[in-house]
Amino acid sequence: MRVVVNTAMSADGKLSSRQREQIAISGPDDFDRVDGLRAGSDAVMVGIGTVLADDPHLTLDDPERQSARRDRGESAHPIRVVADSKARTPTDARILDDSATTYLLVSESAPTERIEELTGTGARLITAGDERVELDAALSALDSEGIDQLMVEGGGELIFSLFEDELVDELRVFVGSKVIGGRDAPTLADGEGFVAEFPELALDDVERIDDGVLLRYAVG
Ligand code: NAP
């Protein structure tokens with residue numbers, strides 16, 4: 001499986017404000033680029049923090065990209081994936097609607113009644129890890145389901161864990177021309193942070209898009 005992390009951050013490295021509300025960091029050309037990247041992915045993944053904050057849909061905007069996928073014998077939209085150890089995804093979350101298949105990655109600690117409620121929505125559940133989703137095992141399970149290209153959109157907690165577990169192959173960051181600030185605002189990689197053995201990136205490409213810059217890095 002190839003894992004591409006794609007995210008938009010402010011010039012000071014924030015993914016959103018301290019109120020964790022979604023902020024428009026990029027513009028129309030970058031939204032279109034992200035739509036294209038989603039279209040070329042088998043699945044798009046976020047953490048439960050992003051689901052609770054933004055209620056994202058994670059489907060394709062462009063109907064032509066949807067029909068191109070259908071022409072290739074694929075579903076119109078990529079599969080959606082949520083890392084959600086305690087099965088906290090609300091049953092009315094947009095990510096659970098019937099426009100695409102959704103996998104919820106949960107842990108053994110998820111309450112049984114939540115598992116039953118979420119299974120009832122048609123979501124597919126994968127259990128990996130005791131207290132928290134063990135990402136290595138969960139991604140291996142997704143790989144066995146035929147997911148080769150996984151795009152990860154955030155947020156900072158999930159992205160940090162993926163780096164910590166050495167699961168990221170490529171990082172694409174759009175840096176918008178805005179300062180958000182706030183010590184408690186989510187950044188590209190939150191979690192505990194590294195104190196040694198910092199993941200090394202190799203800068204592959206720099207491109208000006210809208211009023212910002214897209215940085216593409218290979219990882220490791
Ligand atoms: P997140 O990374 O979306 O989700 C974090 C949660 O995922 C954890 O609290 C944890 O909750 C769950 N999780 C399950 N297994 C995990 C693991 N192994 N490692 C880490 N997390 C795991 O949440 P966030 O960091 O709070 O980010 C949300 C913010 O990011 C929102 O404000 C959103 O607007 C912003 N965002 C911005 C962009 C952008 O491109 N600018 C993109 C996405 C999100 P459990 O323990 O309950 O499972």
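Ala, Val, Leu, Ile, Met, Phe, Trp, Tyr, Cys and Pro count here as nonpolar, Asp, Glu, Lys and Arg as charged, and the others, Gly among them, as polar. The model on screen is predicted.

**The second largest pocket.** Start by selecting Phe163, Glu166, Glu197, Pro199 and Glu200, which lie nearest the centre of the second largest pocket. The lining of this pocket has 13 residues, and its volume is about 210 Å³. Colour the lining by class to find eight nonpolar, one polar and four charged residues. Next select residues 156–164, helix α6, which gives the most to this lining, with three residues.

**The sheet.** Now show the strands. Nine of them form an open sheet with mixed pairing. Reading across, the order is β5-β4-β3-β2-β6-β1-β7-β9-β8. Select 124–127 (β5) and 201–209 (β8) for the edges: each of these strands has a single partner, so one side of each is left without a neighbour in the sheet. From one strand to the next, the twist averages 20°.

**One strand pair.** Select residues 79–83 (β3) and 102–106 (β4), two strands that run parallel and are joined by four bridges. Within this pair, look at valine 82, which stands opposite leucine 104 in β4.

**A helix on the sheet.** Finish with residues 28–39, helix α1, which packs on the sheet. Helix α1 touches β1 (2–9), β2 (43–47), β6 (149–154), β7 (170–175), β8 and β9 (212–219). To check its orientation, compare its direction with that of β6: the two make about 145°.

Technical notes:
Residues numbered from 1 in each chain as written. Predicted model: local features only at pLDDT ≥ 70, side-chain atom pairs only at ≥ 80, totals over all residues. Heavy atoms only, no water. 1 Å grid on protein atoms, 1.4 Å probe; cavity = no way out; pocket = protein on both sides within 12 Å on 5 of 7 lines; lining within 4 Å. Points joined across faces, edges and corners; volume = space filled by probe spheres on them. Pairing = 2+ DSSP bridges. Axes fitted to C-alpha atoms, helices over the stretch in contact; angles between N-to-C directions. Contact = heavy atoms within 4.5 Å.
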